[in-house]
Each structure stands twice: as structure tokens, then as C-alpha cells.
Amino acid sequence: SMRPSGLERRYSSYARRLRECNNKNETKRCIDELIITLDESLPSKEVFVDNFKAVKYTSYFSKDKKLVQYILKKYEFYNMQTNEMQPLSFTIEHIMPESSHNNVCGMIGNMLPLGECLNSQLEAKPFEQKMKKYAESQYCSVKKFVEEYKTNNKWTEEMIEQRTKSIADVLYDYKEK
């Protein structure tokens, strides 16, 4: 949610500098400087987590859908611990059903990536029934979710908020391999 104009100016400036590089050493130095500059412009973890909590997606509020898909994909890569396979397509499953009209329903912590067939079987089923179906998923983040919450018989607002923060913490520090 930070202003992109400063970032665009930096990219543009470094793109011009890269074009003027005459050898590999100059190019490497320029790229290293760009990386340092970009790292310095990252928000603090606190700001990142606060803004992450504000990302929402429901069928009634779909403005952030692409961002939610991106986040779930990155979280799946983190859980896979390899980039051996690419998740090509998935649907977004709301663990607490959207029909509950709960404020936290659209938060990242309430979402899982699922194949369309599996997701269509869930609809607004109770949490315990959903957990049985989640166990059939091949997504690593879903398997982790099932393992983490297998002893719970309900899904609460507090759990959604905590999971949202946990995912934000992980993704703030995550660097793809």
C-alpha cells in the first residue's frame, strides 16, 4: 500500500545506469546497489503485518482477489520448500464460510488454496467436515493447516486473526529459492 512513484523512479534510474554499464563488474555493482536501495525502502515488519491484515477477499469484496491469489501462491511455495512444482490454478476456499458474514471471514488466515473439485464439495459445511476434505488436498499449505488444526473442532475469529499474522510474519521474511 506504499506509494509506487518513488519505486518507479528508482527502477527507471537504475535501468538507465544498467544500460550504460560497460562490463560485468559494473553491471553487478549496479544491481547490488539496486538491491540495497530496494531493501532500504521495504516497510518495517510491523507496518507490513498491519497492512497484511487489511487484505480481504470475499465474493462481496473482490478488489484484492489477485493479491490474495498471489499471497496464497507464495505461501504455498514457502510450505513446499522447493520450487520443483508450480501451482497452476486453484480456487480460494474460505474456511469460515462467507455466509457467516463475519468480519474476519475475508482475511488471509481464513483462506486456503484448493482445487475446484474439492472446493465445490465443501460449500458451507461445518469445520469438522471440511477438515476431512482438506486432508485430501495435495497442497502443502493445506496439509500443514490440517496437521496444525486437526485437534480443533471449530474455527474461530481468534484463530483466523492469529493465522493471518503468522502468514504475514512468514512471508515478510520469505525469499524464494
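## Close-up views of a predicted model

**View 1. Gly109, a buried glycine in a loop.** At 0% relative accessibility, Gly109 counts as buried in this predicted model, because the cut-off for that word is under 20%. Gly109 belongs to the loop that runs between β1 and β2. Which residues is Gly109 in contact with, once its neighbours within four places in sequence are left aside? They are Ile95, Trp155, Ile160, Arg163, Thr164 and Ile167. For one of these partners, Ile160, the C-alpha atom is separated from that of Gly109 by 4.8 Å, although the two residues are 51 residues apart along the chain.

**View 2. Arg29, a partly exposed residue in a helix.** Arg29 has its place in helix α2, which spans residues 24-40. Its relative accessibility is 48%, and so Arg29 counts as partly exposed. This view can be set beside Gln121, which is 92 residues from Arg29 in sequence and, from C-alpha to C-alpha, 53 Å from it in space.

**View 3. The buried residues of helix α6.** Helix α6 takes in residues 127-134, and within it Phe127, Lys130, Met131 and Tyr134 are buried. These residues are on the same side of α6, because they cover an arc of only 105° around the axis. What covers the buried residues of α6 includes the strands β1 (91-94) and β2 (111-114), together with the helix α7.

**View 4. The largest nonpolar core and a second core apart from it.** The largest nonpolar core has 35 residues, and the members that touch the most others are Val68, Tyr134, Phe145 and Trp155. At least two residues of this core come from each of α3 (45-53), α4 (65-80), β2, α6, α7 and α8. The largest share, six residues, is supplied by α8. Another core, of five residues, lies apart from this one, and among its members are Tyr14, Cys30, Leu34 and Leu38.

**View 5. The surroundings of Phe145.** Phe145 is one of the residues that touch the most other members of the largest nonpolar core. With its neighbours within four places in sequence left aside, Phe145 is in contact with Ile95, Leu112, Phe127, Met131, Tyr134, Trp155 and Arg163. Of these partners, Phe127, Met131 and Tyr134 are among the buried residues of α6.

**View 6. The largest cavity.** Rolling a probe the size of a water molecule over the atoms shows where empty space is left. How many cavities of 30 Å³ or more does the count give? The count comes to two, and the largest cavity holds about 60 Å³ of space. Its lining is made up of Tyr75, Ser141, Lys144, Phe145, Glu148, Tyr149, Arg163 and Ser166. The helices α7 (140-149) and α8 (157-173) each supply at least two residues of this lining, and the largest share, five residues, comes from α7. Sorted by class, the lining of the largest cavity has three nonpolar, two polar and three charged residues.

**View 7. The second largest pocket.** The volume of the second largest pocket is about 190 Å³. Its lining consists of Glu76, Met80, Thr82, Glu84, Met85, Gln86, Pro87, Gln138, Tyr139 and Cys140. By class, five residues of this lining are nonpolar, three are polar and two are charged.

Terms used
Residues numbered from 1 in each chain as written. Predicted model: local features only at pLDDT ≥ 70, side-chain atom pairs only at ≥ 80, totals over all residues. Heavy atoms only, no water. 1 Å grid on protein atoms, 1.4 Å probe; cavity = no way out; pocket = protein on both sides within 12 Å on 5 of 7 lines; lining within 4 Å. Points joined across faces, edges and corners; volume = space filled by probe spheres on them. Helix = DSSP H or I, 4+ residues; strand = E, 2+ residues; numbered from the N terminus. Nonpolar A, V, L, I, M, F, W, Y, C, P; charged D, E, K, R; others polar. Buried < 20%, exposed > 50% of the residue type's maximum accessible area, 1.4 Å probe, protein only. Arc of directions from axis to C-beta. Contact = heavy atoms within 4.5 Å. Core = buried A, V, L, I, M, F, W, Y, C linked by side-chain atoms within 4.5 Å.
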